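Work through the three exercises below with the sequence and the model at hand, and try each task before reading its solution.

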Amino acid sequence: MNQKEFLAHVTPVQDRLYRLAKRLLVSEDEAQDATQEVLIKLWSYRKKFKKLKSVEAFAVTITKNHCYDKLKLKSSSNLQLVHTNYEDEHYNTVKHTENQDSVNWVLKLMNDLPEQQRLVLHMRDIEQYSNSEIAEELNLNETAVRVTLSRARKTIREQLLKKHNYGIR
């Protein structure tokens, strides 16, 4: 089979092959590449055209299989990327150690607070008491509880910033 005969068989089918590839691969560029690759494959099978009942059906099958192969290849490479980028927080020992260090530092700072501030902060932020419950328990007025809590948090915040900034302003 020469080039003219091949083109006579394939040219009418070429648009259908492109539309099929575009529908399966979505991207126009990938569909054009796939169509070109299928045409090259068809050229290598040109001697078998006389044995085929339908060149069009054969070309469509090759296009469909080629596109599925491209999609499988793309899918497996995407999965590979996802797995290499995945990081499980439970097994991140560095992050866990940093978090534990921060918690220990806050507890140390809490212990360094004056007694009343430490009690109010502990009852509010750790034991989840309301301001009115703290006021009742410690025989304070609610405004005093809010002020004491605010001062305690401010002291801890300043000390943490000082630690994390390493004295840099």
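**Exercise 1: two packed helices**

In this predicted model, helix H6 (residues 131-138) packs with helix H7 (residues 142-165) at an angle of about 105°, and their axes are 9 Å apart. Decide how H6 and H7 are oriented to each other, and list the residues that make the contact.

Step 1. Angles of 65 to 115 degrees count as roughly perpendicular, and H6 and H7 are therefore roughly perpendicular to each other.
Step 2. On the side of H6 the contact is made by Asn-131, Ser-132, Ile-134 and Ala-135, while H7 contributes Glu-142, Val-145, Arg-146 and Leu-149.
Step 3. Sorted by class, this contact of H6 with H7 holds four nonpolar, two polar and two charged residues.

**Exercise 2: the setting of a threonine**

Locate Thr-63, and determine whether Thr-63 is buried or exposed.

Step 1. Thr-63 belongs to helix H3 (residues 55-85).
Step 2. Buried means under 20% relative accessible area, so Thr-63, with a relative accessibility of 0%, counts as buried.
Step 3. A polar atom of the Thr-63 side chain lies 2.8 Å from the backbone oxygen of Ala-59.
Step 4. When neighbours within four places in sequence are left aside, Thr-63 is in contact with Leu-17, Leu-20, Ala-21 and Val-38.

**Exercise 3: positive phi in loops**

Most residues other than glycine have a negative phi. Describe where Gln-128 and Asn-139 lie.

Step 1. Gln-128, which is not a glycine, has a positive phi of about 65°; Gln-128 lies in the loop between helix H5 (115-126) and H6, and at 59% relative accessibility Gln-128 counts as exposed.
Step 2. Asn-139 has a positive phi near 55°; Asn-139 sits in the loop between H6 and H7, and Asn-139 is exposed, with a relative accessible area of 70%.

Definitions and conventions: Residues numbered from 1 in each chain as written. Predicted model: local features only at pLDDT ≥ 70, side-chain atom pairs only at ≥ 80, totals over all residues. Heavy atoms only, no water. Axes fitted to C-alpha atoms, helices over the stretch in contact; angles between N-to-C directions. Helix = DSSP H or I, 4+ residues; strand = E, 2+ residues; numbered from the N terminus. Parallel < 35°, antiparallel > 145°, perpendicular 65-115°, else oblique. Contact = heavy atoms within 4.5 Å. Nonpolar A, V, L, I, M, F, W, Y, C, P; charged D, E, K, R; others polar. Buried < 20%, exposed > 50% of the residue type's maximum accessible area, 1.4 Å probe, protein only. Polar contact = N/O pair within 3.5 Å; in protein donor to acceptor, adjacent residues only side chain to side chain.
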